[in-house]
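I sat down with this one to look up how its strands pair and where its charges sit. Here are my notes, in the order I made them.

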Amino acid sequence: MISQWQLRAAFAQRLSDMYGREVPAYTTLVDVSREVNEDVLRAQGADAERLGSIGRVTAERHGAIRIGTPAELQQVARIFGALGMHPVGFYDLREAAASAVPVVSTAFRPVDGAELARNPFRVFTSLLTPADPRFFDADLRARLENFLAGRQLFPPELLDLADRAEAAGELPEADAERFLQLAVHAFELSPEPVDRAWYETLERVSAVAADIGGVRSTHINHLTPRVLDIDELYRRMTERGIEMIDTIQGPPLWQGPDVLLRQTSFRALAEPRALRTPDGEVISGALRVRFGEVEARGIALTRQGRARYDALLARVDEEAARRPGTDRADLARALWAEELPDTERELAAQGLAHFTYHVVPGRPGDGSRPPTRLDELLEQGWVRAEPVVYEDFLPRSAAGIFQSNLSEEGTRNNDQEAAAYDSAWLSGVLGREVLDPFDLYEEQQNRSLAQVARALGLDRPPR
């Protein structure tokens, strides 16, 4: 029997192999990421594994897919449910993007700590929003919804195997192999000719909309290895002649702990595609939609910490607008140094980041009772803190990556009122709860504090 985590690990690896065949620059990205990770490990030793073992970091990936309808999203949830992956977080890229990115998103990932340690594969999944009149007028919306209703992304056999795997938590080996073959094939780039006129109609609104609703299939949009030094990776990729986007999205490189998520990518490549002209002729063409992303993960911030992060981003925007020509990264570094503590200890003390807490074994017995306050337990060496890795995404960063790989900004009519989409709506569509990432991090931290209290004989968890 093949368990869910083994299915997840095998699916991630096969998807990576497939994407490397389709987009060779991705294989270069993986190779350079591995080289950088090995160099950081040699230079920093155990400190390099503060946010995950080198085995986990090197194997880690996230993928991204784009789909068109709530029904397709439900089917995707069944496939990822077979892999022990749950919808976590709601991301509105319509609001996070300056250009036309008419999608809302969630991420499917494991949520249990042991499952994340076994294989943390996650898939950022974006859903087109045809009902938003800022992007689609009534006529185009009707045409788009009719086109999407006429396609089938996932064969019934795949969905049946997925349901069985989710219900049982495993599959017999032969069924597991069939499931993996069908699942990987579902996300390959289809050779079917693309209707050029229809694709271009949607592309005038948004290249993202065309990538989703202009074809009769879906595909992996990008795969993302994890790297321990994203600035060094950016430099090495550029040296190899691979064109990277202009910036690294997310927090700046600074002297304090890595927090949240930093991302960058190489630019979307022009890939050969068969195009069908209005007179029915099939010609050779090219579409530019897929790219290779890379990420560096940091410590998960609390709600309070995230609010401070978002406020800092807003201040960087204000300062950059007030002082045109100033380097944004320099502005961000200066503000981060002013507003964020530069040690893990202070991040914890100010309630800005999440940690798990563990009793220090072998502490010399001096007859004293342990204190009840968390800061005193840490200071006196009763307890140590381990940072909780940020497992999720940043809507502004995701939108920035999307935007950086678009050749045109598209169109957006801001005189129209936006269609309402939120986490509750998405949960209803999926028929399963979209989990709040902050709740997951808080639960993980609180469980560790409860274990500390039991081990030290405290009346209640320390705070």
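Before anything else I needed to know when two strands count as paired: DSSP has to find at least two bridges between them. I also kept in mind that this is a predicted model.

**Entry 1: the three-stranded sheet**

I started with the open sheet of three strands, which has the order β7-β9-β10 and mixed pairing. Its edges are β7 (194–195) and β10 (282–297); each has a single partner strand, so one side of each is left without a neighbour in the sheet. Next I checked β9 against β10 and found 14 bridges, with the two strands antiparallel. For one bridge I looked up the residues: arginine 262 has alanine 296 in β10 as its partner. A reminder to myself: strands of a sheet pair through backbone hydrogen bonds.

**Entry 2: strand β4**

Is β4 enclosed or open to the outside? I went through residues 103–109 and seven of the seven are buried, so the strand is largely enclosed by the rest of the structure. I then sorted the side chains by direction. Val103, Ser105, Ala107 and Arg109 point one way, while Val104, Thr106 and Phe108 point the other way, and all are buried.

β4 has antiparallel partners too. Strand β3 (residues 86–92) is joined to β4 by five bridges, and tyrosine 91 stands opposite serine 105 there. Strand β5 (residues 122–128) is joined to β4 by six bridges, with valine 103 opposite leucine 128.

**Entry 3: salt bridges**

How many salt bridges are there? I got a count of 50. I picked three to look at.

The first pair was arginine 240 and glutamate 35, whose closest N and O atoms are 3.2 Å apart. This pair links distant parts of the chain, 205 residues apart: arginine 240 is in the loop between α12 (230–239) and β9 (261–276), and glutamate 35 is in helix α2 (residues 24–44). Arginine 240 has 45% relative accessibility, so I put it down as partly exposed. Glutamate 35 is partly exposed as well, at 32%.

My second pair was aspartate 439 with arginine 303, at 2.6 Å from N to O. Here too distant parts of the chain are linked, since aspartate 439 is in helix α19 (residues 437–456) and arginine 303 in helix α13 (residues 303–322), 136 residues apart. Aspartate 439 is partly exposed at 32% relative accessibility, and arginine 303 is partly exposed at 37%.

The third pair was arginine 56 and glutamate 60, which meet at 3.1 Å, N to O. Are these two buried or exposed? The cut-off for buried is under 20% relative accessible area. Arginine 56 is at 14%, so it counts as buried. Glutamate 60 is at 1%, so it is buried too. Both belong to a network of salt bridges that links Arg56, Glu60, Arg122, Arg226, Glu295, Arg297 and Glu391.

**Entry 4: a charged patch**

Last, I looked at the surface. Glu200, Glu203, Glu408 and Glu409 form a negative patch there. I followed up on one of them, glutamate 203, and found it in helix α10 (residues 196–205). With 32% relative accessibility, glutamate 203 counts as partly exposed.

Methods:
Residues numbered from 1 in each chain as written. Predicted model: local features only at pLDDT ≥ 70, side-chain atom pairs only at ≥ 80, totals over all residues. Heavy atoms only, no water. Patch = residues over 30% accessible without salt bridge, like charges linked within 9 Å, V, L, I, M, F, W, Y side chains within 5 Å. Areas by Shrake-Rupley, 256 points an atom, 1.4 Å probe, with all protein chains shown as cover. Salt bridge = Lys/Arg side-chain N within 4 Å of Asp/Glu carboxyl O. Lys, Arg positive; Asp, Glu negative; His and termini not counted. Charge placed at Lys NZ, Arg CZ, Asp CG, Glu CD. Helix = DSSP H or I, 4+ residues; strand = E, 2+ residues; numbered from the N terminus. Buried < 20%, exposed > 50% of the residue type's maximum accessible area, 1.4 Å probe, protein only.
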